[in-house]
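Student: I would like a close look at a single part of this model. Please start there, then work outwards.

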Amino acid sequence: MLSTSVSVTSRLLYRGLGSIPAPLYDDSIIEPLGFPSNDNLHRSRNGVRVFDLLEGNGATALRCLYNMLLKECTVSKRVDQGKTVHAHVAKSLFRCEVVMNNTLLNMYAKCGSLEEARKVFDEMPQRDFVTWTTLISGYSQHGQPIDALVLFIQMLRDGFIPNEFTLSSVVKAAAAAEPRGCCGQQLHGFCLKCGYDLNVHVGSSLLDMYTRYGLMDDAQLVFDALESRNDVSWNVLIAGHARRCGTEKALELFQRMLREGFRPSHFSYSSIFGACSSTGFLEQGKWVHAYMIKSGEKLVAFAGNTLIDMYAKSGSIHDARKIFDRLAKRDVVSWNSLLTAYAQHGFGREAVCLFEEMRKAEITPNEISFLSVLTACSHSGLLDEGWHYFELMKRDGIVPKAWHYVTIVDLLGRSGDLDRALRFIREMPIEPTAAIWKALLNACRMHKNVELGAYAAEHVFELDPDDPGPHVILYNIYASGGRWNDAARVRKKMKESGVKKEPACSWVEIENAIHMFVANDERHPQREEISRKWEEIYAKIKDLGYVPDTSHVVVHVDQQEREVNLQYHSEKIALAFALLNTPPGSTIHIKKNIRVCGDCHSAIKLVSKVVEREIIVRDTNRFHHFRDGTCSCGDYW
């Protein structure tokens, strides 16, 4: 019986109405499907005729062939070949079968051809709940959540009862639909009525929905109520806390998952590394990395890319490079992650070398790659290299976006060519954004160009009136130039418009504890020791030539008081505390919520020489590596 079926099918392969492209039906496809290969398959230049309308004894074999070929098209995402199979099905005796049409619908939906999927759906003479679920899932998985929700309502009106897979897809659509929360809780209530709220698949979708809404307490309630949990449930809740910067909670859940016997996936590791990256929890991230190594997990790109980012944002740029070198396989995101790291740390030459390595490895740079290398050139004062890559990007067919123009304005501004930067803005093919004018404003602050700074600031105020940063920068420009009346006018404008300056603070992590400081901080238990330590350091750096730059004091007081005020900026207090509480020779990591001021930058450079330690300061703009009296940013901070 089997040989007869195979014989009939073999004859089908050489008779028929249409021609299928040969690459889909070579031996690698036919043999796994259970059909014999034949040398004649290789002799047809224009493709192999594989179908013919058949009734009687050949129907079963033909149905099997259709299903298997459609499955192959689905797995390999070869929708063009799938359309050819569809054309034959439409002329066959199976054209009205629900199961065959569901297979076609699934093929189009999984391949992302949602218009074709909808056409199949609309033309089906009969549908079952699988039909509805397949198209709803297709809409949900390919970024059309509203279509998924509308189709679900139609499904209910037609009297079909959803199952756990339908509901999980619909809840996923609700999580992505705008406005957020428009129907998610109603769907949760529907799941309760249907008795699926405790199902692990539906529950995981509900978890994801509540975490995306930011309702973490509701997400925890759903998680706790699940009858059983799988790795997806754990990963969704961990990822939710990681996205919300709930690093401690994410780490707590990760440890609990391990205790309950669940094996972390690369998704789990990626979420944890991402959380540690955003908050700078280096030690905790190292612990998870060590666990990953002990578990025998390969360092693949998915988790490895976030690990590169974690080490880079924690100040360990050399560890980031080691992870990159050890990746089993690198994708464009891997290269971009390290390029971005070099840019943030001011390692411009290294970024340029890496970019050239990337091109030699035949990895095509994308707009993120160019943005990273342009930023690196800007932060390191590599003017010629920056222009080269900007022109190369355009030659490669990548249309510059606003952020690319920001880096060029920043590049010109840092080099001191402010007139050229202004001319570049005026000649851009796009309308200048607030960020572009802000780059020029920062350059004016750096080079103390009051008039152009005021001009740039007015454009920023017009485009982004709620951002306090430009007001503060303009105030500082006026104050550093002694134009106190103009500075007072800026402060009055801020007060009238309700714009408030973010208070400056700095923090260090020592033995898994975060210590935060503000200017003139007198609340810390070690405040007296901190004060004595800084006075000791201050005396030593003055002997090396440190002179307080009182232009960074933005209050109108006498010179002596201005000098005293400078010595109690938050980053200096944090540095003194770290020197007291870390071993000699160890690297000190300090983070600040706003840009490091020029005086602190000069002082910390000399401190690194006095104490013979590397001091890494991360502010909102970049990293500064202070070592032996120098900084990685040179004069381009």
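Tutor: Start with Ser 233, which sits in helix α13, residues 231-243. Its relative accessibility is 0%, so Ser 233 counts as buried. What packs against this serine? Setting aside neighbours within four places in sequence, Ser 233 is in contact with Val 200, Ser 204, Leu 207, Phe 223 and Leu 226. Keep in mind that this is a predicted model. UniProt, in an unreviewed entry, places a "repeat: PPR" feature at residues 230-264, and others at spans including 128-162, 331-365 and 366-400.

Compare a second helix residue. Gln 154 lies in α8, residues 145-157. At 30% relative accessibility, Gln 154 counts as partly exposed. Leaving out residues up to four places away in sequence, Gln 154 touches Arg 118 and Trp 132. Trp 132 is 22 residues from Gln 154 in sequence, and their C-alpha atoms are 9.2 Å apart. The UniProt record gives one repeat as residues 128-162. The C-alpha atoms at the two ends of residues 128-162 lie 10 Å apart, and the span is 74% helix and 0% strand. Now take residues 366-400, another span in that record. Here the end C-alpha atoms are 11 Å apart, with 77% helix and 0% strand.

Next, a whole helix: α18, residues 317-326. Its buried residues are Ile 317, Ala 320, Ile 323 and Phe 324. Viewed down the axis of α18, these fall within an arc of 115 degrees, so they line one face of the helix. The face turned away from that buried side carries the exposed residues His 318 and Arg 326. What covers the buried residues of α18? The cover includes the helices α16 (282-294), α17 (301-313), α19 (332-344) and α20 (348-360), along with the strand β5 (623-627).

Two loops deserve a check of backbone torsions. Lys 448 has a positive phi of about 55 degrees, although it is not a glycine. Lys 448 is placed in the loop between α25 (434-447) and α26 (450-463). Glu 612 also has a positive phi, near 55 degrees, and is a residue other than glycine. Glu 612 is placed in the loop between α32 (598-611) and β4 (615-618). At 69% relative accessibility, Glu 612 counts as exposed.

Now the cysteines. A disulfide is a covalent bond between the sulfur atoms of two cysteines. The count of disulfides here comes to zero. Take Cys 111: the closest cysteine sulfur, in Cys 73, is 7.5 Å from its own, too far for a bond. The cut-off is 2.5 Å between the sulfur atoms. Cys 96 is partly exposed, with a relative accessible area of 47%.

Finally, the whole chain. The chain has 32 helices and six strands. Of its 637 residues, 49% count as buried. Among contacts between residues at least 6 apart in sequence, 65% join residues at least 24 apart. The chain exposes about 30300 Å², and carbon and sulfur atoms supply 51% of that area.

How confident is the predictor? The chain averages a pLDDT of 84, and 87% of the residues score at least 70. Residues 1-57 are another matter: pLDDT stays under 50 there. For residues 1-57 the model has 89 contacts beyond four places in sequence.

Terms used: Residues are numbered from 1 along each chain as its sequence is written. This is a predicted model: local features need pLDDT of at least 70, side-chain atom pairs count only at pLDDT 80 or more; totals for chains, interfaces and linings use all residues. Side-chain values use heavy atoms; hydrogens and water are left out. pLDDT is the predictor's confidence in each residue, from 0 to 100. Contact means heavy atoms within 4.5 Å. UniProt positions are given in the numbering used here, feature names are shortened, and annotations may be inferred rather than shown by experiment. Helices (H or I, at least four residues) and strands (E, at least two) are DSSP runs, numbered from the N terminus. Buried means under 20% relative accessible area, exposed over 50%, partly exposed in between (1.4 Å probe, protein chains only). Accessible areas come from the Shrake-Rupley method with a 1.4 Å probe; for residues, only the protein chains shown count as cover. The arc is that of the directions from the helix axis to the C-beta atoms.
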